[in-house]
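Open the model in your viewer and keep the selection panel at hand. The tour starts at the ligand and then moves to one helix.

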Amino acid sequence: MTDKSIPLVDVRHGLAIQRKQIDAAIARVIDSGVFIGGPEVEAFESELADAVGARHAIGVSSGTDALLVALMSLELKPGDEVITSPLSFFATAGAIARTGARPVFADIDQDLCLDPTAAAAMMSGKTQAIVAVNLFGRPAALPDTMVPLIEDAAQSLGAGPVRGRAATVSFFPTKNLGAFGDAGAVLTDDDALADAIRLRRSHGARPRHHHVAVGGNFRLDALQAAVLRVKLPHLEGWSARRRENADRYDRLFRESRVADRVVLPARDPDCRHIFNQYVVRVKSRDLVRARLDAAGIGTEIYYPVPFHLQPCFANLGYAAGAFPHAEHAALESLAIPIYGELTEAQQETVVSSIAAFVQHNVGAAR
Ligand SMILES: *Cc1c(COP(=O)(O)O)cnc(C)c1O
């Protein structure tokens, strides 16, 4: 539920058109009595693999568990290092730490994603993997290294093919393809890695009761798979509408009186951005956000605290100032509504509300 006239997101959007199919899918699972794994999960995995053009799609319990089981399947050892961006949802760094490996951060680029040059500079003899985050739905530029690359594609399903050894996706309800609860998947073209992930998804048992690796319970529920099967064919269309809305925001901001004070998302014609979020950068961000809140416009800050400044990573020994681009972005970033149902009039309201405030209160950005 939301009390905003223009919410940041409403997870019920788009459900009306498929409500009958969703109800039928849920009833089918209830009647089948198969609630974990089984034919719904297998059918969803093969439909998802086809949709993204990957050899394997492995359904798991969440985007977090997708990262965790992919990293566990690389057989990382304590003391190994995994390089990633300091600016992402916590799961990216949390999953690395949970394997026993050490998260190593490198600063971000103009596009708010891991800077490939900075990442390459952090490579050491201990580096066993790099996790590149396709932040907000934009495929990150990838460093060219010999270690396995995992794409955290939680926000970018449908933005393009798997480019790393594996890509992990999330079906958290606010992602572009959202389940009715927690769900995720790992996508890969690597047969051996897919097998290692399937093994660890269910406590490493092969055969049953004989555990050849320590995994976890990372399984996907049949109910979530059945719901996702109904929604998956709509993903392309939803992403297209987000992209149209993003183009319209770009134009509206450029035409506004505050074009010099609002930094728009970096655009690149070679890069298919699917805008899970549309994030602008503005000075006095918290004041702008309060103004939008008062006007009934939902916003969010992704992400206010970079990983290297999180209390749980104090042991890694990073100081404030270590990653100036990420720290600067954390202070200025503001996600504004971008969902497909957003109307042109609503977008004009969002832009004019920002402009009305910024024009009088905020200096030019950067
Ligand atoms: C949502 C998200 C995750 C985690 O996904 P869950 O399904 O919520 O566990 C991981 N990384 C990024 C970048 C995300 O946005």
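The stops below go from the ligand outward. This is a predicted model, in which local features need pLDDT of at least 70, side-chain atom pairs count only at pLDDT 80 or more, and totals for chains, interfaces and linings use all residues. Residues are numbered from 1 along each chain as its sequence is written, and side-chain values use heavy atoms, with hydrogens and water left out.

Select the ligand and the residues near it (a heavy atom within 4 Å). This shell has 14 residues, and the closest are Gly63, Thr64, Gln155, Ser170 and Lys175. By class, five are nonpolar, seven polar and two charged; Ala, Val, Leu, Ile, Met, Phe, Trp, Tyr, Cys and Pro count as nonpolar, Asp, Glu, Lys and Arg as charged, and the others, Gly among them, as polar.

Next, show the side chains of Asp152, Gln155 and Ser170. A polar side-chain atom of Asp152 is 2.8 Å from a ligand nitrogen. Ligand oxygen atoms lie 2.7 Å from a side-chain N or O atom of Gln155 and 2.6 Å from a polar side-chain atom of Ser170. The protein buries 93% of the 380 Å² that the ligand exposes when taken alone (Shrake-Rupley method, 1.4 Å probe).

Now select α3 (63-73), which, like α4 (91-98), supplies at least two residues of the shell around the ligand. Helices here are DSSP runs (H or I, at least four residues), numbered from the N terminus. In α3, nine of eleven residues are buried (under 20% relative accessible area, 1.4 Å probe, protein chains only). Among them are Gly63, Asp65 and Ser73.

Finish just past α3, at Glu75, where phi is positive, near 55 degrees.

Methods
A polar contact is a pair of N or O atoms within 3.5 Å; within protein, one must be able to donate a hydrogen and the other to accept it, and residues adjacent in sequence count only if both atoms are side-chain atoms. Buried means under 20% relative accessible area, exposed over 50%, partly exposed in between (1.4 Å probe, protein chains only).
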